[in-house]
Amino acid sequence: MQCVVTGGNVKVLAKAVHSLSRIGDELYVEPQEDGLALRSVNSSRSAYACFLFAPLFFSRYSIDRGLDFRCKLAVKSVQTVFRSVATLEKTVEKCHVELDKAKDRLTFTLHCKHGLLKTHNLSYQDTESLQAVFDKDSCANVFRAQSRVLVETVVHFPPSVEEVTVAVSSERMWVRNHVEDEAERSKALLTELCLAADEFDHFAVGAPNSITFCLKELRGLLVFAESTGLPVSVYFHEPGSPVVFSVTDSVLEGNFVLATLSDDHNLQKSDSGGGHAEPPPPPPDDFMNDDIDSYLIAMDTSVVPGPSTAPPSAASRASPAADSRTRKHSEEEEEEERDGNEDPGRPPSKKFRSLFFGSVLPPSPQTSTQPVTTQEVLASDSEDEDE
Amino acid sequence: MKFRGKIIDIACLNHFSRVVTTISKLTKMCVLRLTPDNLFFVLSGKVANGGVGMWCELLQANFFDEYQMEGVSSEFNEICLEVTPENLSRALKTVQNAKYVKIKLTRKHCPCLTIAAELPTLSSVSRVVTHDVPVDIIPKSLWHEFKEPSIPDFDVSIYLPPLKTLKNVVDRMKNLSNFLLIEANMNGEMKLKIQTDLVSVTTHFKDLGNPPWGEDSSQDGGPSHSRDPEDMAEARVDIRKLQQFLMGQQVNPSKAMCNLVHRNVVHLVVLHEDVSLQYFVPAVA
Amino acid sequence: MPLSTQSQAEEEQYVLVANLDNARNLSNILKAIGFKDHAIFTATPNGLKVTVEDSKCVQANAFIQADIFQKFTIKEDLVALQVNLTVLLDCLNIFGGSTVAGISTALRMCYRGYGYPLTLFLEEGGVVTVCKINTEEPEEPIDFDFCSSNVTNKVILQSESLKEAFSELDMTSEVLQITMSPSQPYFRLSTFGNSGSAHYDYSKDSDMMELFRCNETQTNRYKMSLLKPSTKALALSCKVSVRTDSRGFLSLQYLVRNDDGQICFVEFFCCPDVEVDEDL
């Protein structure tokens, strides 16, 4: 394999590597006929990302036909090649990527200003193809927005926030931080944003529901999207099946596939409700026409401090004014979450499921409509056994 | 018990946010007292036990365009909440460009101060963000712990030099030592000293001026006139506590002063137009 | 106690008095060699040399010529003292080391002699700080015996181009290998880290190369941990001269321009790590 990247595309390649480094420790490189694929997966296999750079992205792209080559290498070492991303555009004129099978080396050569030549010979390991199972096209909920819209949403959540919940109705999207632990909830800052459909370039909700996923990987993609100015598309179906964030232009495609928390209770509820789609959640706190009384809290302060120690549901019921018009949606959720925690048959904490066949999947067509939930059995270390 | 406030003016919002950030630098937890006219951030210092104390007072009318509150009863028209100022600060920081910000006491999964803001967007529709900051409601029986501290019976009262200069000096001294000796007299002189095995450093400030706690003032505790103006009062303090105070000062105040009770306590007072902040650092042996 | 009003009598007690209108001109260059706590000061009528060493393998010298100071009075041919450099730097920056134009810290540095502290008087905006830094028994700096007559290869580069390389160095590599040669690759920096090797080649015709004088091909390795501290000096400098002698010893000379446009030098000596196989 030999490929040459020039000009601004060097920075695009570098940014892609940096955003993949937010996912996992290893970078999977696979030269394909339809372009160069760079992939990464996190250790728990709940997040996967892939960039495919079309041959046209390169000023030269040649692969050895018939030779099924793919390898993985430490993403950190590839990051060293593109260490100074900020100045790359100004300093690097050309980047060669070349495979030396004989020496087991992947060589990155940067031709820089002032005649400086940087050569990085990176060692790699052979590997099977890394593929995730996802199908964007069958997703009921599809959105597309300028990266800035999402960046300005994510910015409201401090870096300490690990997971967010996204709920959608036909007109709006709510994003809030997910706090698993009931005890944490009475201490943690809870943030919720409400985005109107108008903020999006495309907003299609076929299945109004809510999903919870990790923010870290999304932040990684947004860095890429922001620097390339590409809009971001979001695809998801239901809790437990993955959410896909995509960026595309004529010469590249990036897909970030993140597992979402499975929400068995949710499913059961809507099933028992006769299978009809849940009505979209009302705007949680509509401050446009709020009425002060509905937000008042009635409380006897002569009682010892912590009303927070009282069970939340009981407390909400003690406040009929609030009950009647606020956040049916979120209250329900609180109960569900509490129920969930009390359920002994359920794993107590994180419920993200593995997304992948890992390296055992044949390299060919990657999309599958098979429900992801059946892939749970795959252990995260299956990849090691292959070697 | 009800509380609801609204800030529209962006300058007021920024100012309020800065005050809260200052408080968040000083303490992890504090008490927010709401009265019809004022907001108070209180850290009831067990100064006697070596802790710091804080009292910050804001006139609500200078910040809020709307402000409605109903206390526990008409007789005790106050609300007393324990808050994490860091959470409040974080919430306010993300809404700095809001069209308006509403702050209200709400009943969510637990009592919260809910900060809701309408943010401008690229599209014609604005975006609403809400932050629920969990609070604990403090029962009336404990309110006495959060009353305004009395001005200590100080030996010397002196204006502070520019806080930035003070911060630079204290930051460096912190690198060199854990304790700092503050000396000051009624002749406008102040010295900061550290002494270790490796080095001794003394910074001399002069012509700082002494606040007129005047004869007409009801302040009995003011320095007696018999005191020799050259006579230094001193207090040795944990540098970190002083550093913490200086770190939080984001804007130069209209007045900043230091009241020293000889070998007992350092009482720092910072006055802005509409905010006053008092900070008590206990002396160590 | 403004600096200017210090009495004549007091002044006479000192064997060394050095005044500087802008303390940053001293603190910046000392920061560049601040990789170890102990600094040996050697003052002569020509100026001040400050030496820091590590592991007997690397030595950094900062030279501040007498005329950099507004006043430099020395009563003996040579005054040597040793102080804790970290402490000295904190003292010199007591007022924050402002970079705002028009605000600077004035410095008077005084030393009475053996056994006395090094005394600094610093003044900014009418505020005076007095620091008494205890001195230590001065050690004898190592003589690396690097003389220009033994220099085999020498290049002078604009620092800009080396800064990039040093900021990107693969720190998992134990050594930095420097190749200098009259033929290709001319001037090469190499690392051998966990994930592979990297080579940075500078063309001898590059506009960054101010001087290229290589007589024979030499490849030497230097411990990364010893060379990495020189990055601070590099960052401050505008030009750097890289020289090796016949023993493979390395000399890095950094030309540093201070706030007032005056020139000072920082020099690093480093001994080579081990003999190198040619085919690496």
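This passage describes strands, a helix and a chain contact in a predicted model. Residues are numbered from 1 along each chain as its sequence is written, and chains are lettered from A and ligands numbered from 1 in the order in which they are written. Because the model is predicted, local features need pLDDT of at least 70 and side-chain atom pairs count only at pLDDT 80 or more, while totals for chains, interfaces and linings use all residues.

Helices (H or I, at least four residues) and strands (E, at least two) are DSSP runs, numbered from the N terminus. Strand β1 of chain A covers residues 2-6. Its side chains alternate. Cys3(A) and Val5(A) point to one face and are buried (20 or more other C-beta atoms within 10 Å of the residue's own, with 12 or fewer for exposed and partly exposed in between; C-beta atoms are placed from the backbone). Gln2(A), Val4(A) and Thr6(A) point to the other face and are not buried. Such alternation between the two faces of the sheet is found in a regular strand.

β1(A) has antiparallel pairings with β5(A) (residues 60-62), over 3 bridges, and with β7(A) (residues 92-100), over 5 bridges. Two strands pair if DSSP finds at least two bridges between them. Cys3(A) has Tyr61(A) as its bridge partner in β5(A). Gln2(A) is matched with Glu98(A) in β7(A).

Helix α1 of chain A spans residues 8-21. At 1.5 Å a residue, its 14 residues should span 20 Å, and the end C-alpha atoms are 20 Å apart, which agrees. The expected span is 1.5 Å times one less than the number of residues. The helix is mostly covered, with 10 of its 14 residues buried. Among them are Val10(A), Leu13(A), Val17(A) and Leu20(A). Lys11(A) and Lys15(A) are also buried.

Chain A also meets chain C. Here 18 residues of chain C are in contact with 19 residues of chain A (C-beta atoms, placed from the backbone, within 7 Å). On the chain C side, α4 (159-168) and β13 (196-202) each supply at least two residues. β13(C) gives the most, with 7 residues. β13(C) runs antiparallel to β9(A) (residues 117-123), and 6 bridges join the two. Leu122(A) stands opposite Gly196(C).

In chain B, strands β8 (residues 111-119) and β9 (residues 127-134) run antiparallel and are joined by 8 bridges. Cys112(B) stands opposite Pro134(B) in β9(B).

Note on methods:
Two residues are in contact if their C-beta atoms, placed from the backbone, lie within 7 Å.
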